[in-house]
Amino acid sequence: MEALRQDDPRRFGPYTTLARVRESAVAVHFLARGADRDGLALVTAARPALASVPAFRRRFRSEARTAERLAGGPVPRPDVSPEGDGLWTATAYVPAVTLSEAIGLAGPLPERAVRVLGAGLAGTLSRVHASGAVFQGLAPGTVLVAEDGPRLTAFGPLGAAAHAEAREGGQLSVRLGYLTPEQVEGQEAGPASDLFVLGLLLAYAATGTTPLADGPAEEAAERIAHGSAELGSVPVGLRALIAGCLSKDPADRPTAGSVAAELAPEGAADRAQGGWLPAVLAAAVTDQAARARALEPPAGPVDDGPRVPPVEERTPTDAVPTDAVPTGAALPDGGAPGHVVPPGGGHDGDPDEDSRTTRFLGTGARTPRSDRATAQLTLPEEVTNAAPPRLPAAVPPPAQPYAHPAFTAAPPALPAAAPPAAAPRTGPVTGRRALLTAVAAGAAGLVLGGAAVAALGSDGSASATTDEKPAAEPRPALPGRPPEPRWTYARPAKAPAPLTAGVWQDRLLVLTDTAGATAVDLRTGRKVWERADAAGAQSVLTAGEDLCFLAALTEFLWLSPEDGRIRHRVRFADQFDGVPDMKVAPLTGQSGSVLWFTGSHTVTVRAPKPKKGKKRGKDTQVVKAYFFAYDVVRREEVWRVAVPAGRAPGTPAYRLIAARKADLVVRQDAGTLTPADVRAGQGKAVFRCFDRTTGKPLWNRRFGTVAPGGAAAGDQEGRLFGAVGDDLGAFETGSGKPLWTLNGTASSVFGTPVAAGALLHTTNRDQEVGAVERATGKVLWRRSTEVPAGDGCPALTLSGSGRTLLAADASQVTAFAAADGRRLWKFQDIGAPAPEGAAVTAPYRVLATGKTSVVVQRERAFYAFPVE
C-alpha cells in the first residue's frame with residue numbers, strides 16, 4: 001500500500017480514493033471509501049491506455065460479469081462502473097496480501113495453509129466448470145491470502161495477464177503468466193487447463209518455486225509441453241495430487257471438485273478456522289488492516305486531482321499538496337511465455353518511541369509532528385552566471401482525471417536546457433517556473449534538490465578530454481535543504497542506461513552500459529574518456545593504484561585511468577584451465593587485491609560399459625561449480641574449490657557476508673538454490689565459510705531462522721547479523737550461538753545493516769534507520785526517513801569520514817548524523833523522462849567518494865554532494 005500519486009484520480013463514482021494498494025498489467029487497485037464513509041472498498045481501475053481499446057472494454061466488463069455470477073466465498077461481489085463513467089469495479093475491501101507477496105514475506109507455506117488455499121481455489125473452479133466455462137484467472141498476483149481464507153481478484157485471462165498492450169487496428173495482445181501444455185501446442189484452453197495452472201500455483205505455494213514455468217520464456221514453454229515437473233520439495237501429502245494436476249494429457253487431470261474434496265474434506269472455510277496463516281503473514285494482514293482503518297478521505301468536496309495554480313498565483317511559500325507524492329514504484333511486467341489475443345515526525349524523540357506515524361502521509365495512530373528542519377519547502381537560488389533552462393511557453397496544465405490516456409507516476413519533466421558549449425554544469429540551473437513545476441511533483445516533508453529539473457551537464461564528445469578546473473565551492477546549506485551539488489552529470493537520453501557505477505581511487509566515477517564504459521572526473525564532473533570496447537561490464541573495481549578493473553560476463557578488463565585504453569584483457573576461456581565455456585555469476589566480493597566469484601561448466605559423464613547382451617545407457621550432463629579467488633593486481637588465480645552446483649543453468653551465486661583475516665563467510669542467493677537445497681534448508685539460509693588463504697571449506701551453518709533471502713551481514717569480530725522474522729539477531733559465527741536480539745514490529749522486517757566501529761546501523765521496511773551497539777544490541781537512536789512505508793528497506797551508505805549516514809530508497813536520499821541520528825537533509829530529484837516519455841522510477845543509490853563527498857545516482861543522473 002502506498003500514497004496516491006499526483007495524477008491518480010480522487011474519485012470513482014461514489015468512491016473516494018485513499019491510497020494505492022497494488023498494480024497489475026491491466027489495472028491499478030485503489031483503497032477507497034464509499035459515500036456513506038463507513039465501509040472500505042477496493043477499486044480496480046483499468047489503465048487508460050488499454051481502456052481506449054474496444055476489445056479491452058468488452059473483455060473487462062465480461063470478466064466483471066463473471067465475478068458477479070460467482071459472488072460468494074472467495075469471490076467478492078463487484079460494483080461495476082456504469083457506461084460513460086470510466087472502466088472500474090469496486091468490491092468490499094478485505095485486508096490481504098497476494099500469494100507472491102506472501103511467499104516473499106514468509107517463504108513456502110506449511111502444508112495446512114496450502115490445503116486451505118487449494119481447496120478454496122478449487123471450489124471456485126468447480127462452480128465455474130459446472131457452467132461449462134473456463135476460468136483462466138489464476139496467477140500468484142491474482143490470488144489473495146486473507147485471514148479467513150483465499151480470495152480471487154481476477155476472473156479471466158485479462159485480469160491474470162502478465163503483460164498487456166494495445167496493438168494497431170484495435171487489437172489487444174495479452175501475455176499470460178502461466179501456460180498449459182495444450183496452449184503451448186496451439187489448442188484452446190478447457191476446464192482441465194485451470195487444473196494445470198492450479199497445480200503450478202500449489203507447487204509454488206508449497207516450495208516457493210514454480211515447476212516447469214520458471215526461467216526464460218522459450219525454455220519454459222518447452223518444459224511445460226514436454227518436461228517432467230520436479231516435485232521433490234513438495235510435501236509428501238500433496239505430491240501425488242499436484243503431480244496429477246500437472247499431467248500433460250488434460251484427460252488425466254483430476255476435476256476441480258475432487259481436488260477440493262481431497263485437500264479439505266471439511267471445506268476450506270472450516271479448515272481455515274482458528275488461523276491458517278503463518279505468524280508473519282497474519283501480522284502483515286493485521287498491520288494492513290490497521291493502516292487502512294487509519295486512512296481518512298479529505299474533508300469537503302473532492303476534486304478529480306490536485307490543481308497546479310498558474311505561476312502568477314504561486315509564491316515561494318506556497319505549501320506542497322499533501323497528496324502529491326511521487327513514489328517511484330516500477331510497473332510490473334513479467335511472467336512466462338505466451339500470447340492470447342481476445343476476440344473483441346517521525347520525530348527526534350526517545351529511541352523507543354513510535355516514529356512511524358508519518359509513514360503514510362500523516363495517517364496513523366496519532367497526528368505526526370512536523371520536523372521543522374526537514375518538512376519545509378525551500379527553493380534553491382538561481383544561478384545567475386549560467387544560461388537558464390529552456391522553458392515551455394506556458395505552465396503545464398492541471399493534473400488530468402484518470403481517463404486521460406497518459407498514466408504516469410510524475411508529471412513530465414521540462415525540456416533539457418541547452419548548456420554553454422563544452423561547459424559542465426557546476427551548480428543547479430533552474431528557473432522559478434521550473435521549480436514551481438517541481439513543487440507540483442514534490443512530497444510533503446521533502447526538500448527538492450538544487451538540480452531537480454532540466455538536463456544535468458554536457459556529455460561531451462566521444463574523444464578523451466580532461467578539465468583541471470575544480471568545481472566551485474558550494475554555498476552554505478539552509479536547515480533541512482541539501483547542500484548544493486559540487487557538480488551534476490547526466491548520461492544523454494540516447495545512450496543506454498548505466499548497468500553499474502563505481503568509484504576508482506576517489507578520482508574517477510566509472511560508468512558501464514551496453515555501449516561502453518565512461519569515466520567522469522570526481523572533482524569537476526566532466527567526462528574524461530569513453531571506451532566502446534569495454535561494453536557490458538557488470539562490476540567496477542580497483543586494481544592497484546594504476547589500473548581500473550572491470551568484470552564482464554565472459555572476461556576481465558584492466559583499463560588505464562588516464563584515457564580508458566584497455567591494458568589487459570583476460571577471457572575466462574583462456575585464464576581458467578579445466579573449466580571450458582565457464583559461466584560466471586555476479587562477483588561475490590573483493591578485499592584488497594583479491595576478488596571472489598563463482599563459475600560453472602557442464603561436463604558429459606559417459607555411461608558405464610554395459611554387460612554382455614545389454615544396451616549401453618545414455619550419457620548424462622553434469623554441472624560442476626567452483627568458488628574462485630583471483631588476484632586482480634597479479635592477474636592470476638589464487639585458489640579454486642569445488643562447490644555444489646546451483647539451480648539451472650547451474651552456477652551458484654554467492655554474496656559476501658564477511659571477509660575476515662583468516663576466513664570469509666558467504667551465502668548463496670536464494671534464486672540459485674536447487675529444489676533439494678530449498679528442501680534441506682527448511683526455510684533457513686545456509687552460510688558457508690572458507691579459509692581465506694587456501695579456499696578450504698571450514699563449515700556450513702544456519703543462524704536462527706535467517707531466511708535464504710533475509711538480510712545478513714558480518715563483522716571482523718566474528719559476529720553475524722541477520723533478519724530473524726520481524727527482529728534483527730546477532731550470532732557468533734564460530735558456534736552459531738545467539739548473542740542478542742533487536743525486537744521489531746510486525747511490519748518492520750530489517751534490511752542489510754552496516755557495521756562501523758562499535759556501532760551497527762540498521763534499516764527496516766518501516767522506513768526507519770538507526771544505530772545500536774554491535775556488542776550488546778542496545779538501541780542508541782532510531783529515526784524515520786519520513787517516506788511512506790513500502791516493500792523495501794532504505795539502502796545505507798556511510799560517508800568516508802564515518803560521520804554521515806545516508807539512506808537511499810525509491811523516493812529520496814536522507815542524510816543523518818551517524819553519531820546521534822540528527823536528520824541533516826533530504827534530497828529528491830524529479831527524474832528526467834525516458835525517451836518514450838515514461839517517468840524515471842529507478843531507486844536512488846549513494847557512492848562514498850573520499851572523506852568529504854558522496855555521489856548520488858538516480859539512473860542516468862549523478863549529483864556530487866559535500867558531506868561531513
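Here is a chat about how some labels in this predicted model are earned.

Me: Why is Val-174 called buried?

Reply: Buried means under 20% relative accessible area. Val-174 has a relative accessible area of 0%, so it counts as buried. You'll find Val-174 in strand 11, residues 172-176. The C-alpha atoms of Val-174 and Gly-159 are separated by 9.9 Å, with their positions 15 residues apart along the chain.

Me: And what makes Ala-810 partly exposed?

Reply: The label is for values between the buried limit of under 20% and the exposed limit of over 50%. Ala-810 has a relative accessible area of 28%, so partly exposed is the right label. Ala-810 belongs to the loop between strand 40 (804-808) and strand 41 (813-817). In space, Ala-810 is 6.5 Å from Ala-842, C-alpha to C-alpha, though they're 32 residues apart in sequence.

Me: How do you know whether Gln-767 and Glu-786 are buried or exposed?

Reply: Set each value against the cut-off of under 20%. Gln-767 has 2% relative accessibility, so it counts as buried. Glu-786 comes in at 10%, so it counts as buried too. Each sits in a loop: Gln-767 between strand 36 (759-764) and strand 37 (768-773), and Glu-786 between strand 38 (779-784) and strand 39. Neither is a glycine, yet phi is positive, about 60° for Gln-767 and about 65° for Glu-786.

Me: What makes you say that the buried residues of helix 8 are on the same side?

Reply: The buried residues of helix 8 (236-245) are Leu-238, Leu-241, Ile-242, Gly-244 and Cys-245. They cover an arc of only 155° around the axis, so they're on the same side of helix 8. Look at the other side of helix 8 and you'll meet Val-236 and Ala-240, which are exposed. The cover over the buried residues includes helix 4 (111-130), helix 6 (191-207) and helix 9 (256-263).

Me: What counts as touching for Gly-227, just before that helix?

Reply: Heavy atoms have to be within 4.5 Å. Leaving out residues up to four places away in sequence, Gly-227 touches Leu-212, Glu-222 and Lys-248. Gly-227 is in the loop between helix 7 (217-226) and helix 8. Gly-227 and Leu-212 are 7.0 Å apart from C-alpha to C-alpha, and 15 residues apart in sequence.

Me: Why is a group of residues called a nonpolar core?

Reply: The name needs buried residues of certain nonpolar kinds, joined through side-chain atoms within 4.5 Å. The largest nonpolar core has 72 residues, and Val-26, Phe-56, Leu-99, Leu-138 and Leu-198 touch the most other members. Helix 6 gives the most to this core, with 11 residues. A second, separate core has 19 residues, including Phe-549, Val-570, Phe-576 and Leu-595. In soluble globular proteins, nonpolar side chains do tend to be buried together.

Me: Which residues does Val-26 touch?

Reply: Skipping residues up to four places away in sequence, Val-26 touches Ala-45, Ala-46, Arg-47, Leu-50, Phe-56, Leu-158, Ala-161 and Ala-164.

Me: Why is one space called a cavity and another a pocket?

Reply: In a cavity a 1.4 Å probe fits but cannot get out, whereas a pocket is open, so the way out decides the name. The largest cavity has a volume of about 160 Å³. Of its 14 lining residues, the closest to its centre are Gln-136, Leu-138, Leu-176, Tyr-178 and Val-197. Helix 6 gives the most to that lining, with 3 residues. By class, the cavity lining has 7 nonpolar, 6 polar and 1 charged residues.

Me: What about the second largest pocket?

Reply: The second largest pocket has a volume of about 1,200 Å³. It is lined by 24 residues, and the closest to its centre are Leu-796, Thr-797, Arg-845, Val-846 and Leu-847. Several strands supply at least two lining residues each, among them strand 14 (500-504), strand 39 (795-798) and strand 43 (845-849). The lining divides into 12 nonpolar, 10 polar and 2 charged residues.

Me: Where is there a cis peptide bond?

Reply: One joins Ala-648 and Pro-649, with omega at about 15°. Pro-649 is in the loop between strand 26 (636-643) and strand 27.

Notes: Residues are numbered from 1 along each chain as its sequence is written. This is a predicted model: local features need pLDDT of at least 70, side-chain atom pairs count only at pLDDT 80 or more; totals for chains, interfaces and linings use all residues. Side-chain values use heavy atoms; hydrogens and water are left out. On a 1 Å grid over the protein atoms alone, a cavity is a set of points where a 1.4 Å probe fits but cannot get out, and a pocket is an open set with protein on both sides within 12 Å along at least five of seven lines; lining residues have an atom within 4 Å of a point. Grid points are joined across faces, edges and corners, and a volume is the space filled by probe spheres set on the points. Helices (H or I, at least four residues) and strands (E, at least two) are DSSP runs, numbered from the N terminus. Ala, Val, Leu, Ile, Met, Phe, Trp, Tyr, Cys and Pro count as nonpolar, Asp, Glu, Lys and Arg as charged, and the others, Gly among them, as polar. Buried means under 20% relative accessible area, exposed over 50%, partly exposed in between (1.4 Å probe, protein chains only). The arc is that of the directions from the helix axis to the C-beta atoms.
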